[in-house]
Amino acid sequence: MAKLRRQAYYMLLWLIALVFFAPVFWIFLSSLKTTDQLLAKTPQIFFSPTTANLLDAVNRPSFTQQFVHSLVLSVASVTIAIVVAFLAAYSFSRFRLAGSDFLMFLLLSVRMVPAAATIVPLYLMYAAFGWKDNLIGIILFYAMFSIPFSLWILKGFLDGVSQRFDETALMSGASRLQVMFKIILPQVRPGLIAAFIFNFIFVWNEYLFNYIVGGANTNNVPVGIATGMYSSGGVDWTFIASATTIYMLPIIVMIYFFQKYLLIGMTFGTVRGEV
Amino acid sequence: MTVHDISRRTALKWGAVGLSVPFVGSLAACAGSKTSTGAVEKVSLKGQSLALTILGVAGWPPSQMSVDFGNKAFKAHAKSALGYDVGFKSSDAPFGQLFQKAATSLATKSQEFNLIISDSQWLGAFARPKWITPLNKIIEANKNLQVEWYSNVVSNGYMRYPDGSSNIYGLPQEGDTQVLYVRKDMLESPKEQAAFKSKYHKDLPQTFEDFDKMTWADYQTIMEFFTRPTEGLYGISLQYSKEYDDFSCYYYPFLFSRGYQIWDSQKKNVQGVLNTDQNAAALEEFVALKKYCPPGADQVGIPEMADLFTQGKVFSCIQWAAMGPSMIPSTLKGKVIVVPPPAFKEGRTYTLGGQPWVVNAFNDKNNMQAVVDFLSWWYLPETQLAYAKAGGNPCDKVTLESTGFDDLQPWFRAYKYMLQDGKTVDFWHDPNYAKMLSDQQEAFSAFSTGQVKDARKALDYIAYKQQQTLYDAGQTKTAPSGTLPSLS
Amino acid sequence: MHPLAELEISVASREAVRVVGASVPSGAEGIGAPRKNYLQKHGYAWGLLVPMLIFFIVFNAIPLLWMIGLSFYRYVLTAGGAPVSVGLENYHQLLTDQAMWGSFSRTLIFVLLTVLGASLLGGLLGFLFWGSAKMPGRRLALTLLFTPMLLTPVAVGAFYRLMLDPNFGVISYLFGLVTGGRENLLSKPATAFPTVLLIDIWMWTPFMTLITLAALASVPTAELEAAKVDRLRWVTVLRRVILPHAKFILMLGVLLRTIDAFKTTDLVLLLTSGGPGSSTEFLGLRLYRLGFDSLNMGMASTVAVIALFVAIGFTTLYLYVLNLKKQEDA
């Protein structure tokens, strides 16, 4: 009896997961359809799939270029953010400086402002410095955006790593930097991974800033989708479906393989073991 | 902790006022630096290799064509006749986002886009801050650019700013008018003809001339006849979408054809001109036509209409001539007739579409020369003819009146017809057009979807808002009067 | 100096700083630590902060100040010419602009409902999934559950527009099977807002589920076991054991979600363009139009400043609650 209940319980969970996944699945199915099948009067679940559209999307040189841009932007900006955040988190955690709490809250307030609001002065600023359509400029912006969250997570985890490690290592003659990166850093791995994934997703999916302040050198795929939506006057649904499907695969894969770390990471350091 | 925070933050805020002044000042200093005055000195580009970028409309057939032409035919021409290498890159954005892309780039005085395919209404917004080059001197210096245009519609709509002045800021890239696409196969089907005759005791129109005489009153019966929800077929499709200028372009013919005004173009006043009872009645008339459209008409814009027509959901639709290549795919070849849209009792005047080329004022000498060379080549009769054959819409008299032109594309006859003076009119080129447009689109959409019940109220809202915009910008001396009606 | 002595001093000086409180300037601890040692230590600490501070100042502080300053000017890019100082006129115009109030209240309602919806639903799902460590394919199921939040809002907006299209869309088809008519939910002001709301909740419930799972994981198993042994009632377990520990992370998740919901722009831009009428015209969208349709930088900055104040208000509220929690735990 208990087994039956357990089965029912599991089935319910699976059902819920599938319900949430259903629209995404529909997008995936659509990428395998031709335009006529996509726009058919009765939505088709069973049809003869074709990979033509997926291949077409991949073969578009603009798409590949945008994909590369997305990759470069995401990896570079989040890596920079994590390094900077780690340094700062270490400082906050170990040195308990005056005003550190204030600074941390202030940083969080940074995320508060509506994107379109920050874009206006940033656009003007970037324009004044000649940074429009500049890959480095955009990377730095995304890095800035990723710092607060990373800082919070890393500090949480760092607080959970006993300072004895630091002290012992320092006494043995290691430099502070060595202590930070060789000894402490590995211990906060879940935090690093969680911060990385979380911010990666944000940059990966970002549209507005890249569209307004970026240009041909920095186009990422969301911009590509928004502009590539229309082809020959009609809406290019097959392209949107294909592009979206291809684009979400890397993230889905990341979430699948690093799920454990993500869950631990989001505990902000209160849990070091299983979730 | 929290109160502490707030006071610190507020202190920062007020301190910011003083600190920000230098930034604003420095930005202001940036303004007014070098721009091209349109002065013409021919630069020799022999032996050089240039890369030009054209900013165009995403997914818009004529826009993409121009880049293709550039990369194939012009490239060859430049190499052989002018002695230099040139390659064209294209950047694009959908209509609703194109202005933002162009403006944000031009505002930084960048050469990111050397040649821009602009919508006709943006001439003012680009010309006023001197982001695009005045073309008068360039045209004077280049014989190829001294083209005789088909009608004043072309020069008023695509070239001049301010309206009525002799300043030229654009050259037509693609001419565009509203035309009616009709399923000829349905008209010619004996079954349909018999059914229609028995029901209405009239014949279905068959030819261009039949449609030329057609009025909206006549067309009602036809739309009604073909509106068969159970079969998934509807009589017509019209654009009621809030996006960009969709709704406005489709509502305006109901005013223009009757000689009603949308604003006082001399004094730049809107109140009292737009929000009249007759305009309100026309608005209601337009919205009432939704009953012959497929469901979801409030979301229908250009691409949605293309999908509806090509998937056989509607018998007819009023759509832009420039969309011709997409409206008649291979599946519909030979099944479509393109005719002028229905006339009103008082006349037939529809809205102008189409895009002019505008030239980035910040182009350096070499790029500018290449752009001028390209444009000069673009207007050669051979090029325009090739463009027409590829599905583009030329605007010059020579090409349009050449023999056999009408037969090159199914929509050319209707396009040419509507391009005549008096048949098509553009709306404001004012620099504040973007705000004026989004305000009115919001109100129109509110009325169309029932958020606002009274057509006159919607117009009052628009008139107030636009008067405010123009007054704030110093275009008119009259401040808005009365109070702003609510849209909710 | 003997290493241990140095250690004692460094520990002592850290202790002193912590004890004396957040706003103590340097040199006040007089525990006998030589000034040089103190500066050395704190110099390093501040040094580590420098990269972050640079980022913060360049990409946050400066634009923020610029934005605040601009709000006192009339600066329309397409008018050509330099910015003109107008004092508080922008604010006055804004505060008397009905459409802006409309957007504002609409956005607040949206934020409230979507955060509530996603939190409740996400919380529920989190609890449901909590005990499923042994479920076959749990990792896959959770990944599938998380997919909505992994899509770029641009694609979500575009595709839901198709799915809801009365002529071509699958959702309206299914709807039609149930209700008989194929309506476009996005066409009517009355249904457009709830539809956008539901889509947003669909997108972000997985995030709140993630947060809840993490929050629940932070509850020490020892206490849970003890509660089980004591056979405490479910509700009591929730109130006395789970919530005290989970509250911090849960509140943080809700705060993050609130902040992000306030900024919703991409989704509505693609989905409805703020229509029909003004039913989904959110603040982010208005801001975007002001800044990049009308290129009215002055006014856009004004809206942004007001939005910032509101957002600070939100955060202060949350942090107040959070701080209370933290103090209780500490």
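This report describes chain A, its contacts with chains B and C, and then a sheet and a helix of chain B.

The model is predicted, and every value below was computed from it. Chain A holds 14 helices and two strands, and its C-alpha atoms fill a box of roughly 70 × 70 × 30 Å when taken along the principal axes. Of the 275 residues in chain A, 55% are buried. Among the contacts in chain A with a separation of 6 or more, 76% are between residues 24 or more positions apart.

Within chain A, helix α1 (residues 2-30) packs against helix α13 (residues 237-257) at an angle of about 120°, and their axes lie 8 Å apart. The crossing in which α1(A) passes α13(A) is left-handed. On the α1(A) side the residues that meet the partner are A:Ile27, A:Phe28 and A:Ser30, while α13(A) supplies A:Trp237, A:Ala241, A:Thr244 and A:Thr245. Sorted by class, this contact has four nonpolar and three polar residues, and no charged residues.

Chain A also touches two other chains. With chain B, 23 residues of chain A are in contact with 28 residues of chain B. The elements giving two or more residues to this side of chain A are α5 (100-110), α6 (115-129), α12 (221-228), β1 (230-231) and β2 (234-235), and α6(A) gives the most, with four residues. With chain C, the contact takes 81 residues from chain A and 82 residues from chain C. Here the largest share of the chain A side comes from α1(A), with twelve residues. The table sets out the class make-up of the two sides of chain A.

| Side of chain A | Nonpolar | Polar | Charged |
|---|---|---|---|
| Touching chain B | twelve residues | seven residues | four residues |
| Touching chain C | 66 residues | ten residues | five residues |

Turning to chain B, an open sheet of four strands runs in the order β6-β7-β5-β8, with mixed pairing. Its edge strands, each of which pairs on one side only, are β6 (234-237) and β8 (336-339) of chain B. From one strand to the next the twist averages 20°. Strands β5 (residues 178-183) and β7 (residues 314-320) of chain B pair in the antiparallel sense over five bridges, and B:Tyr181 stands opposite B:Cys317 in β7(B). Helix α10 (residues 216-226) of chain B packs on the sheet, where it touches β6 and β7 of chain B, and its direction makes about 120° with that of β6(B). Helix α14 (residues 302-310) of chain B packs on the sheet as well, touching β5, β6 and β7 of chain B, with a direction that makes about 150° with that of β7(B).

The last element considered is helix α16 (residues 365-378) of chain B, which has 14 residues. At 1.5 Å a residue this helix should span 20 Å, and because its end C-alpha atoms are 20 Å apart, the expected and modelled spans agree. Ten of the 14 residues of α16(B) are buried, so the helix is largely enclosed by the rest of the structure. The buried residues are B:Asn367, B:Met368, B:Gln369, B:Ala370, B:Val371, B:Val372, B:Asp373, B:Phe374, B:Leu375 and B:Trp378.

Methods
Residues numbered from 1 in each chain as written. Chains lettered and ligands numbered in written order. Predicted model: local features only at pLDDT ≥ 70, side-chain atom pairs only at ≥ 80, totals over all residues. Contact = placed C-beta atoms within 7 Å. Nonpolar A, V, L, I, M, F, W, Y, C, P; charged D, E, K, R; others polar. Expected span 1.5 Å × (residues − 1). Buried ≥ 20, exposed ≤ 12 C-beta atoms within 10 Å, placed from the backbone. Axes fitted to C-alpha atoms, helices over the stretch in contact; angles between N-to-C directions. Left-handed = near helix turned anticlockwise from the far one by under 90°. Pairing = 2+ DSSP bridges.
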